[in-house]
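I opened this entry to look up ring pairs, charges over rings, one helix residue and the overall dimensions. My notes follow the order in which I looked.

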Amino acid sequence: MLEKLIHIFKLDIQHVDPVENSFSSTVYRCVQANGEVVYIKIPFSKVKLFRELEAYRLLENHISTPKLLNYWTGDEHSTGALLLRESTGIQLSVNSSARIAFQVGRVHAKMHSIEPQTNQKSTYIENVYLEWPQFLIRQFYSFATDAKPLLEEALYNKAIHTFAKMRLQLPEPDGPSFIHMDFRPGNILVTSSEVSSVIDFETVRFGSTEVDFTKIYRDYLSHDLQLYEAYKEGYSSIRPLIDLERVLPFYRFTDAFNSIGWCNRRGLETNIDFYERSLDILKAELH
């Protein structure tokens, strides 16, 4: 498939490396003969391909994303692929400055400021805002089927009971907003002074912003109070920030539970580290 895509995109490739930790796509970093670096991204499904293409259009003039050079919509044997120019910067880390955390907050808020377009139907980016409680229920119980075999019975039953109780205590949804659904350091590229690019839009939706803080808090903000405060300040400079302390416990718990189900669905052996990390979070949230 890779050779076919190189031919379709008319690339003169000198060197190719698969990109690690790409969980929902197959991605290759390609160095061309002229030194230019591009990425070939093969989404998990055609829906994800078209969703990402639509996201690039919606995000234009709002936030920085990788430059889309070309795409192929696939055939009966393939989901298709995207050709992207390499973005500047490195992955966000907890070693970043408070200045960067402030910029991360601003970028996140700019995404959340994008609302569904009333004059143009969005074909692949689903709007689940009006049915937000039902969306949460569908997500949770879908992954519960996969999570159950991996959890002790008592822990599983406690998770089911906790979900039913906690979701009734959530505030009114905040939106409708464009939500990334996988907004975490691995999908945020930064320079020394700014966020240079946000990547991976295969799971985006229009919905409530409250779900979208979970992963950035889990992997970044929870490690340093100074970063957390700077992020909140940056976000609030663009749009009002919801009461995170009120919603994060619910979403941290459900994210850990759903992640365990995801690991079983995608292969426990290849995702064992993520499973163990999610299990630790689940136990801590349900203590």
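**Ring pairs and surroundings**

I began with two aromatic residues and noted that Tyr56 and Phe201 are both buried. The model is a predicted one, and I read every value below with that in mind.

I then searched the whole structure for aromatic pairs and got 16. Tyr56 and Phe201 form one of them: the ring centres are 5.6 Å apart and the planes stand at 75 degrees, so I entered the pair as edge-to-face, the label for angles over 60. Next I looked up where the two partners sit. Tyr56 belongs to helix H2 (residues 46–59), while Phe201 is in the loop between strand S9 (195–198) and strand S10 (205–207); the pair therefore ties together parts 145 residues apart in sequence.

I also followed ring pairs from residue to residue. They join Phe140, Tyr141, Tyr156, Phe163, Phe250, Tyr251, Phe253 and Phe257 into a cluster.

**Charges over rings**

I looked up two cases here. Lys232 lies over the face of Tyr228, 4.3 Å from the ring centre. In the other, Arg266 has its charged end over the ring of Phe44, with 4.2 Å to the centre.

**Gln103**

I located Gln103 in helix H3 (residues 98–112). Is Gln103 buried, partly exposed or exposed? Its relative accessibility is 24%, and because buried requires under 20% and exposed over 50%, I put Gln103 down as partly exposed.

For its contacts I set aside the neighbours within four places in sequence; Gln103 then touches Ser193, Glu194 and Val195. I also checked Gln103 against Tyr231: the two are 128 residues apart along the chain, and their C-alpha atoms are separated by 7.2 Å.

**The chain as a whole**

I counted secondary structure last and recorded 9 helices and 10 strands in the protein chain. Along the principal axes, the C-alpha atoms fill a box of roughly 55 × 45 × 40 Å.

I compared the radius of gyration with the globule rule. For 287 residues a compact globule would come near 19 Å, and the protein chain has 19 Å, so the two agree.

Burial came next: 48% of the 287 residues of the protein chain count as buried. I put the accessible surface of the protein chain at about 14500 Å², with 49% of that belonging to carbon and sulfur atoms. Of the contacts in the protein chain with a separation of 6 or more, I noted that 73% are between residues 24 or more positions apart.

Conventions
Residues numbered from 1 in each chain as written. Predicted model: local features only at pLDDT ≥ 70, side-chain atom pairs only at ≥ 80, totals over all residues. Heavy atoms only, no water. Helix = DSSP H or I, 4+ residues; strand = E, 2+ residues; numbered from the N terminus. Buried < 20%, exposed > 50% of the residue type's maximum accessible area, 1.4 Å probe, protein only. Contact = heavy atoms within 4.5 Å. Phe/Tyr/Trp six-rings, centres within 6.5 Å; stacked < 30°, edge-to-face > 60°. Lys NZ or Arg CZ within 6 Å of the ring centre and 35° of its normal. Rg over C-alpha atoms; globule rule 2.2 N^0.38 Å. Areas by Shrake-Rupley, 256 points an atom, 1.4 Å probe, with all protein chains shown as cover.
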